[in-house]
Amino acid sequence: MVPATVPRVRRTAQNTQYTYNLTRHIHTVQTYPVLSPQGATILIYGHENGLTIVWRGGRKFKPEVVKEAGRGPTAKQNGKPPADAVMIIDSDEEDAAPAGKGGLFVDQPQFEEDLDEDAPYPEITQTLDLEFGIPVFHLAALPLTPCTAEDAAWGGADILKDRMVFAASCATREVFLITLPLVPPSPLSKARAELQESLLAGKVGNGKWGETMTLLAGQIKGSDSLAMTLIRPKTVSERNKSNERSRSESRASPRVVVAAHSPEGSGALRLWDVPLEDSSKTGRRIEPFQTEFLPKPLTSVSFNPTHSTQLLCNASPDAVRIYDYALASMPPDDLTEGPFPSQGSWLISFYPPFARPSPSRKPILAASWIAHGRAIFVLLADGQWGIWDIDGVSPQGPALFGRPGSGIRGDALTEFSVTGYVEGTSPLRNPASQRSSGGGSDFVPMTPHSRRDALTASHVPERLSSVKGGILVTPLPASTTTAADESVALWIGSAEHVFVIPGVLKFWDAQIRKGVGGGVNLFSGAQPTRMVRLSDLSVGLMGERCTGVGAIVRFEENGGAGPSTNEGLPVELLVCGEARVVIVRESETVVGTRIGGVMGRRKRLSERAKENSAIVVYPRPEQPSSVAYNLSVGPRRKLSRPTTDGAFDESSTTGIAAQAQTEQRPLQLPSRPRTGFSFADSLNAAADVEQQDEEDERDVEVEMLDIMEIDRELDALDNGRGRGRKKVIFDS
């Protein structure tokens with residue numbers, strides 16, 4: 001089943017949300033870092049029966065190809081076929097099997113020459129279902145910087161220009177390495193008769209879509225986490241012991257290393273070495289070259305994008321550790337086969353803070369490489385985030401004896417370079433404030449000491465172990481005007497706490513300057529220096545819980561490789577629900593899209609909106625602009641007029657006279673007011689006179705925008721306090 005190609009669009013004051021309703025329960029979503037040749041973004045999501053590949057955006061198929069595919073596989077074409085038509089090559093003999101049964105289908109997709117610039121959003125070009133027959137829980141792609149297909153030859157792997165390479169782990173113990181063409185299949189390819197004759201014809205591994213599948217064996221239970229990386233040829237050939245093996249390994253380059261963790265016993269980490277040339281053969285079975293048995297299970301694993309042999313392992317809540325599978329933990333063994341040792345080494349461990357007043361550490365929700373593998377961004381279960389500087393890449397520069405080196409400090413507790421708390425997560429750190437007054441099911445003793453112990457017991461890490469969250473780091477392509485940076489998306493708890501850091505290096509520098517009195521606000525600074533919170537995502541998910549986030553780099557609208565230069569976030573955030581996917585995009589066509597200020601045109605309510613209002617009040621056009629009443633309780637002077645004209649201003653005599661005529665009876669008031677509350681006699685008359693409002697009705701939107709601008713100016717003045725020179729005058 002494929003998702004709905006037309007999303008439900010919802011615009012808010014901050015972003016635009018595109019909700020795609022799926023027909024199956026989804027478990028994971030992965031954005032492939034390489035664009036297809038026609039400029040489409042490739043999304044892969046795993047569901048209960050396999051996985052689905054979605055091509056979003058780019059050039060569309062030609063209308064005549066789509067129309068021909070809609071006629072069905074048995075339709076015949078009249079006249080002479082065009083020169084660029086899709087060809088179905090059958091057997092060379094005339095008496096061969098009919099087309100679709102024994103012939104070979106050659107898919108030649110035909111696309112339009114230009115992009116559809118009038119489209120309001122990137123449309124789904126094509127979808128493809130790969131049926132596994134079992135659920136797919138985890139997906140992994142190569143840690144590449146998003147680029148076009150022409151620039152995808154990373155480490156000499158030319159296969160990446162034509163095919164996508166990713167790994168998938170199923171609900172059972174199987175782990176597969178799959179390759180598939182980057183070009184989406186044409187509508188004629190999906191309308192083949194051989195695919196309609198059998199339900200199992202399109203199953204993954206049959207090669208109907210040009211895919212190949214390699215089985216990575218050796219596991220007893222299903223995987224909890226999955227990661228993969230690409231090894232350069234020279235790294236592989238240096239460890240071979242014979243010239244023949246070195247030549248054979250160099251010819252088999254490049255290679256892919258896949259790492260998977262399974263909860264076998266107390267945890268097992270396995271790594272497979274797969275040559276990409278051999279992966280083109282379907283049905284191969286490869287055993288792991290390393291198996292590391294762990295004292296505790298891992299939460300997640302990820303490869304270093306720069307040092308491809310280093311693996312980041314999240315062993316929550318104890319520590320975050322780095323494992324190097326190419327560095328032997330013992331002297332080399334002559335019996336070791338292959339380019340890698342039989343057992344790697346653990347390089348370093350990073351310890352999170354303690355959950356006070358408990359002696360246990362805070363659970364680690366997620367940890368990921370940043371700064372191109374030279375630092376680690378970590379998110380804790382109580383809402384705290386931090387950055388561990390490994391290679392001393394802090395924007396402030398190395399502070400250890402003035403020499404370049406590691407910025408890591410601490411033994412039992414690793415000190416963060418910068419740290420802070422996610423907005424809106426204070427209830428995780430102070431649960432006593434959220435205790436309901438009607439909770440009578442829990443017995444709390446009334447003695448002071450026992451009550452203090454009962455309240456303290458809710459701070460144990462077991463309460464934080466149920467909190468879910470994640471981190472996704474997306475490298476941003478470098479351009480002629482900006483340096484290469486990374487965007488970080490993180491979520492904790494639910495869709496109400498989803499945040500995006502547009503540029504992590506600029507954000508890091510801003511937090512350092514804030515610590516030394518720079519006056520940078522975390523949530524109201526400039527765009528690259530603050531953490532942006534995405535609001536109203538629960539409406540797009542329509543009540544479903546958030547299960548993960550993804551990111552899509554916003555390339556230029558003309559299909560170029562550089563990042564988008566329009567306002568907003570450099571990425572589109574992909575929020576994954578249970579059966580829905582919401583793509584969130586910052587747009588400059590709505591109010592409030594430019595971060596750091598409220599921008600856009602201020603529009604008044606249209607006449608159509610006024611007609612649809614529930615209550616509409618219009619002032620009387622004949623009513624005067626103002627009416628004055630004399631409500632004084634003091635006695636009148638002798639020169640005061642005893643008539644009713646003295647109670648009103650002369651400018652309002654015309655309006656009162658008009659009102660008196662409509663009532664057909666003049667208003668009679670006492671000529672000489674009594675002392676005390678004599679003004680009460682004229683209150684009824686004053687209440688009957690309606691006052692005319694201003695020429696235009698109140699525009700609530702404009703007033704709210706003015707209030708927001710005033711608040712922003714006050715915040716800017718408050719942030720600037722303490723900086724610059726101050727003139728102080730002392731009076732003698």
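**Exercise 1. Backbone outliers**

In which loop does Ala-371 lie? Classify its burial and its phi, then treat Met-542 likewise.

*Solution.* The model is predicted: local features need pLDDT of at least 70, side-chain atom pairs count only at pLDDT 80 or more, and totals for chains, interfaces and linings use all residues. Residues are numbered from 1 along each chain as its sequence is written, and side-chain values use heavy atoms, with hydrogens and water left out.

Step 1. Ala-371 lies in the loop between β22 (364–370) and β23 (375–380). Helices (H or I, at least four residues) and strands (E, at least two) are DSSP runs, numbered from the N terminus.

Step 2. Phi of Ala-371 is near 55 degrees, a positive value in a residue other than glycine. Most residues other than glycine have a negative phi.

Step 3. Ala-371 has a relative accessible area of 9% and is buried. Buried means under 20% relative accessible area, exposed over 50%, partly exposed in between (1.4 Å probe, protein chains only).

Step 4. Met-542 is not a glycine, yet its phi is positive, about 60 degrees. This residue sits in the loop between α10 and β30. With a relative accessible area of 42%, Met-542 is partly exposed.

**Exercise 2. A cis bond and a salt bridge**

Locate the cis peptide bond at Pro-317, then describe the salt bridge of Asp-318.

*Solution.* Step 1. The cis bond joins Ser-316 and Pro-317, with omega about 0 degrees. Most peptide bonds are trans.

Step 2. Pro-317 is placed in the loop between β19 and β20.

Step 3. Asp-318 pairs with Lys-296 in a salt bridge, 3.0 Å from N to O. The criterion is a side-chain nitrogen of Lys or Arg within 4 Å of a carboxyl oxygen of Asp or Glu. Lys-296 lies in the loop between β17 (290–293) and β18 (300–303), and Asp-318 in the loop between β19 (310–315) and β20 (319–324), so the pair ties together parts 22 residues apart in sequence.

Step 4. Lys-296 is partly exposed at 44%. Asp-318 is partly exposed at 25%.

**Exercise 3. Two further salt bridges**

How many salt bridges does a search of the whole structure find? Work through Lys-60 and Arg-580.

*Solution.* Step 1. The search finds 17.

Step 2. Lys-60 bridges to Asp-116, with the closest N and O atoms 3.5 Å apart. Lys-60 is in the loop between β5 (50–56) and α1 (63–70), Asp-116 in the loop between β7 and β8, so parts 56 residues apart in sequence are tied together. Relative accessible area is 28% for Lys-60, hence partly exposed. Asp-116, at 38%, is also partly exposed.

Step 3. Arg-580 bridges to Glu-544, with the closest N and O atoms 2.8 Å apart. Arg-580 is in strand β32 (residues 580–585) and Glu-544 in the loop between α10 (537–541) and β30 (548–553), so the pair links parts 36 residues apart in sequence. Both residues, Arg-580 and Glu-544, are buried.

Step 4. Shared partners join Arg-56, Glu-572 and Arg-585 into one salt-bridge network.

**Exercise 4. Cysteines**

Count the disulfides, then explain why Cys-576 has no bond to Cys-546.

*Solution.* Step 1. A whole-structure search gives 0 disulfides. The criterion is a pair of cysteine sulfur atoms within 2.5 Å.

Step 2. The closest cysteine sulfur to that of Cys-576 belongs to Cys-546, 7.5 Å away, so the gap is too far for a bond.

Step 3. Cys-576 is buried at 4% relative accessibility. Cys-170 is buried at 1%.
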